[in-house]
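Welcome! Here are some short exercises to work through with the model on screen. Take them one step at a time.

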Amino acid sequence: MKKGIVSRRLKPAALLWSTALAAATVASGAAFAQEEESPERATGVGEIVVTAQFRAQNLQDTPLAITAITGDMLERRSQSDISEIARQAPSVTLAEQNQEYASGLIAYIRGIGQNDPNFSVEPGVGVYIDDVYLPTLTGSLLDLMDVERVEVLRGPQGTLAGRNSIGGALKMYSVRPRGDNSGSFQVTYGSYDRLDLRGIYDVRLADNLSMRVSGVSKNETGYITRLDYALTHPGTNVPTMAHGQDPVLGTLGGVAIAAGKVALLWEPSDRVNVLLSADYTRERNEPGPATLLYANALGAYNNDPSRPWLRGTNGALVPYNCNFVSSGPNACDTQTGHDGRYISYSWFADTYPGDSQSPYKPLVLDPHRNLDNYGVALTVEAALTENLSLTSITAYREYEADWSYDYDGAPHTVDLLNQNQTNRQISQEIRLNGQLFNDLIDFTVGGFYFDAESFYTARVDIPYAELDFIHGPDPTPSNNKAVFANATINFTDALHLTGGVRQSWDEKEYQYIRRNPDLTPVQGPCNFFLGAPVAGPVGIGNQPNCLLFGVNGTKAKFTNDRLDWRVALDYRFTEDLMVYTQVATGYRAGGFNARPFFPSQATPHVPETITSYEVGVKTDLFGDKLRLNGAVFYFDYNDIVLNSTFCADLPVGQQAPCLRPTNVGSAEVQGVELEAYFYPTDNFSIDLSASNLDFEYTEVDATAGTGTSLSDITPYTPEMKYSIGVQYNVNDVVGGDMIFRIDASYQSEMFTEAANVRRQIISSTTAAVAPIGNPGGGGPIPNLLVDNLIEGYTLANARVAWESDEGGWGLAFEVKNLFDEYYLTTKVNDAASTGHVFGSPGKPRTWAVTLRRSF
């Protein structure tokens, strides 16, 4: 065993769970075997076609754990972006990125995922749009515009989707052109001046050529109010940043999005179709929502009170403490004019006048979160023979994200960054599908090529570490090549054996570029290390940013090859009951630390790997009035990559700041998932989902610096999730139908960082956190509480709609967060390095009205 490794083996219970669930379901299927299937389903569970195994299959015939959501389901649930589908998907957590990162997605499936969108690390959940791979979390918070269906594949998809789908995959499929001269237009108005416009037009241009055009515009004011502290606290020592007497400086969380897509479908013969599509999304949003939950630091450069983060109107240092926290146990803010749960005092400015060690001040940023994301794809499908077809998917995508963040929640400057990411990629996938020996074997063989050029640039102003520099542009070229094969042997109409393999080759490079804000080279080594009588390496008398001297110009390269495999066996006991079992592997590619503040932090990490065992059942019972699908799983998860926010293994002085992806150890994970759809009458439906997940580390590398212990669990992984949706239709109401629907979802508590902190008591006067020993910020609360825990919560949405009999008109009224639940979607605990904790609250209760005209 490696030095620093702690080990604990578990007794896997997955086999017991699998046997019990399978036995129970077989028994229930036998009891209902006499139910006859209706030849035409006017009501009940309809057929959903998925393509997870490279060919069109009924969801109920696919030996995979899949949540499939149609466009109609999305509309009924008032879901308009991809993060919302997690509420009905077992073992899935999707959330908007916090303010620190660009417009994007935090994605975890079955405890595996990633919340850092930097190019140096890889996501753990693959995201695809029309089978085109999106390689980063940035740009993956997709609007569900003109979507035919979304497939959520749970568990490793190493052979079917390839690299970085170790936890699972999210696949969106757009509606293809039909050439039926149809279309629709809808407008939505609601809370926070929400105004959405959506339009679709499908037209036949020629006998064999159709075009579909869709577009969306979304505008909404932010729900976090940025206030001027001086104007809301008359007589304070804090200076003002307001212009005039209005205390509102702006809002956070607002959006201004415009997107469009054009698709052309050419069908030169009944054996060939060619689909050409292009899309563009433009976002000019406000910074992401962020509120201060804990503040405790003296607030001075190098702990020197004569060099304050914030200088008061009398010239004295203003401590960073509970006076700027507006809600929760660490709050002593006195303002009463606004709901303290939804306010921030951030300036997006560093007003320090500068000195010889930090000469590049003051700094003022424009609060924004912008994204330009576009691409083009060409899909060719050709039937070569009766039993052989070829699919080619060629794509080019590019995005540029530019955003600022100031999540300290106060007039102080703790972290102030403006960041930019650009990504250009090409991909090519070719599949040959066929049948052999009179349909005894269905097979797919193919190849995949992916190449990306990515750059990250940032102005990084972090007074707590006394650094202010230009990060990048760091080039990160990467490519992936793969060949794959998948085959199903149809022994009988009821018994099928599926096997697949995929060989992948990965290569990635990284170059570190660090400069001063005036673009001059960083000088070094620090005078302190040369023996000068100065107060440490960041004290007056050193060169600016000299700690980064050894980082600039460093290069790194990563290569890896990997063989993944999958074996699945399924048997249909009756027309109503199918049971499957499978073993599958997957991996997430390795990478580098993109943010070394010191040369010692520029360390690589190796790929994560997984072997998963799963048993599932799929049933359609009572004449298709009840669909009940379940899965139990167990997997070995090795070389887990998580972020170190305190590099405890490094020498004192190089441990913080730290944002280092690190292999922390191994884990065993097991869980149970259930999905049900019930149609007791023609007009009444109920859908349910539930999951229970047990994540336990078996090995933890104590030198990894994440603070992770055997008792911790991976981030964004609630143990329990469940949801219920109830819909009732009333016919013949003013020439149409009324539709009443309510949805509720619950998730249990979850931690947001590798080192779980449930409750840590910290003195407000002695030190922020013992390992760093920074002086506290004082204030009237002697002992403060720190954690990185998001408490469990329940959300409910309601919708009432009217649709005309011919479907030409529709009117809907919706309420989201019906009971006005206060909850957090993300939380970041930086108490050890910066002396603060911030969270991203979800939206309070909102309402909206939608009018639609279809033709």
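**Exercise 1.** Find which residues form the nonpolar patch on the surface, and which strands supply them.

*Solution.* Start with the members: Phe185, Tyr189, Leu195, Leu197, Trp809, Leu811, Phe813, Trp847, Val849 and Leu851 together offer about 900 Å² of accessible area. (Accessible areas follow the Shrake-Rupley method with a 1.4 Å probe, and for residues only the protein chains shown count as cover. Patch residues have over 30% relative accessible area and no salt bridge, meaning no side-chain nitrogen of Lys or Arg within 4 Å of a carboxyl oxygen of Asp or Glu; nonpolar side chains, namely Val, Leu, Ile, Met, Phe, Trp and Tyr, are joined within 5 Å.) Next, look at the strands (DSSP E runs of at least two residues, numbered from the N terminus): β12 (182–190), β13 (194–206), β46 and β49 (846–854) each supply at least two patch residues.

A note on the source: this is a predicted model, where local features need pLDDT of at least 70 and side-chain atom pairs pLDDT 80 or more, while totals for chains, interfaces and linings use all residues. Residues are numbered from 1 along each chain as its sequence is written, and side-chain values use heavy atoms, leaving out hydrogens and water.

**Exercise 2.** Decide whether Asn817 is buried or exposed, and locate it.

*Solution.* First, Asn817 sits in the loop between β46 (809–816) and β47 (824–830). Then check its relative accessible area: 5%, so Asn817 is buried (under 20%; exposed is over 50%, partly exposed in between, with a 1.4 Å probe and protein chains only). Finally, its contacts (heavy atoms within 4.5 Å) include Leu795, Tyr823 and Arg845.

Note on methods:
Helices (H or I, at least four residues) and strands (E, at least two) are DSSP runs, numbered from the N terminus. Patches are made of residues with over 30% relative accessible area and no salt bridge: like charges are joined within 9 Å, nonpolar side chains (Val, Leu, Ile, Met, Phe, Trp, Tyr) within 5 Å. Lists of a residue's contacts leave out its neighbours within four places in sequence.
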